[in-house]
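Visitor: I would like a close look at one part of this model. Please take me through the disulfide and what surrounds it.

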Amino acid sequence: QVQLVESGGGLVQPGGSLRLSCAASGITFSLYTMGWYRQAPGKQRELVATMASGGTTNCADFVKGRFTISRDNAKATVYLQMNSLKPEDTAVYYCNAHLTSLGRSLLNYWGQGTQVTVSS
């Protein structure tokens, strides 16, 4: 059974920092592109950042210079370090595990989400 369990969300003041973690089980973690997405109320889910199995990262423009994605294959965990948080970063943050081969999507899993609220 595949599980992606996020943690680290919460309430933080503008300008503050949070570190999200996503612990995966039931998958060969090192083969997957791991990512973070977010969904604010009334908006569509959007990409925050991904890190491929080889280490290549892809980040949304709105988080460049503020958020950093990293992964620890030995712990089957992906992280999102979020600095200089803004109220507009308020959303539910979801962990994603995506397996592709030759450009074709094979398997795709989601965590249950963790709430991040940026407010004074």
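Guide: What follows starts at the disulfide, then moves to the sheet, the core and the salt bridges. Keep in mind that this is a predicted model.

The structure holds one disulfide. Its partners are Cys 22 and Cys 95, with the sulfurs 2.1 Å apart. The torsion about their S-S bond is about -80 degrees, so the disulfide is left-handed. Cys 22 sits in strand S3 and Cys 95 in strand S9, so the bond ties together parts that are 73 residues apart in sequence. Both cysteines, Cys 22 and Cys 95, are buried. What about Cys 59 and a disulfide? Cys 59 is in none. For Cys 59, the nearest cysteine sulfur belongs to Cys 95, and that is 15 Å away.

Now follow Cys 22 into its sheet. Cys 22 in S3 stands opposite Glu 6. The strands S1 and S3 run antiparallel, and five bridges join them. S3 itself covers residues 18-25. Step back, and S1 and S3 belong to an open sheet of four strands. The order is S1-S3-S8-S7, and the pairing is antiparallel. Which strands form the edges? They are S1 (3-7) and S7 (67-72), each paired on one side only. From one strand to the next, the twist averages 15 degrees.

Next, the core. In soluble globular proteins, nonpolar side chains tend to be buried together. Here the largest nonpolar core has 31 residues. Which of them touch the most other members? Trp 36, Leu 80, Met 82 and Tyr 93 do. Several strands give two or more residues to this core, among them S3, S7, S8 and S9. Strand S4 (33-39), strand S5 (46-51) and strand S11 (114-118) do so as well. S9 gives the most, with five residues. S9 is also the strand that holds Cys 95.

Take Leu 80 as a worked case. Set aside its neighbours within four places in sequence. Leu 80 is then in contact with Leu 18, Arg 19 and Leu 20, among others. Its contacts also include Phe 67, Thr 68 and Ile 69. Val 48 and Ala 49 are on the list too. So are Trp 36 and Tyr 93, which, like Leu 80, are among the residues that touch the most other core members.

Last, the charged pairs. The count comes to four salt bridges. Asp 89 pairs with Arg 66, with the closest N and O atoms 2.7 Å apart. Asp 89 lies in the loop between strand S8 (77-82) and strand S9 (91-101), and Arg 66 in the loop between strand S6 (57-59) and S7, so this pair ties together parts that are 23 residues apart in sequence. Are Asp 89 and Arg 66 buried or exposed? Both are buried. Salt bridges with shared partners join Arg 66 and Asp 89 with Arg 38 and Glu 46 in one network.

Within that network, Arg 38 bridges to Glu 46 at 2.8 Å between the closest N and O atoms. Arg 38 is buried, at 6% relative accessible area. Glu 46 is partly exposed, at 32%. The pair Asp 61 and Lys 64 is another salt bridge, with its closest N and O atoms 3.2 Å apart. Asp 61 is exposed, at 63%. Lys 64 is exposed too, at 53%.

How values were computed. Residues numbered from 1 in each chain as written. Predicted model: local features only at pLDDT ≥ 70, side-chain atom pairs only at ≥ 80, totals over all residues. Heavy atoms only, no water. Pairing = 2+ DSSP bridges. Axes fitted to C-alpha atoms, helices over the stretch in contact; angles between N-to-C directions. Salt bridge = Lys/Arg side-chain N within 4 Å of Asp/Glu carboxyl O. Buried < 20%, exposed > 50% of the residue type's maximum accessible area, 1.4 Å probe, protein only. Disulfide = S-S within 2.5 Å. Core = buried A, V, L, I, M, F, W, Y, C linked by side-chain atoms within 4.5 Å. Contact = heavy atoms within 4.5 Å.
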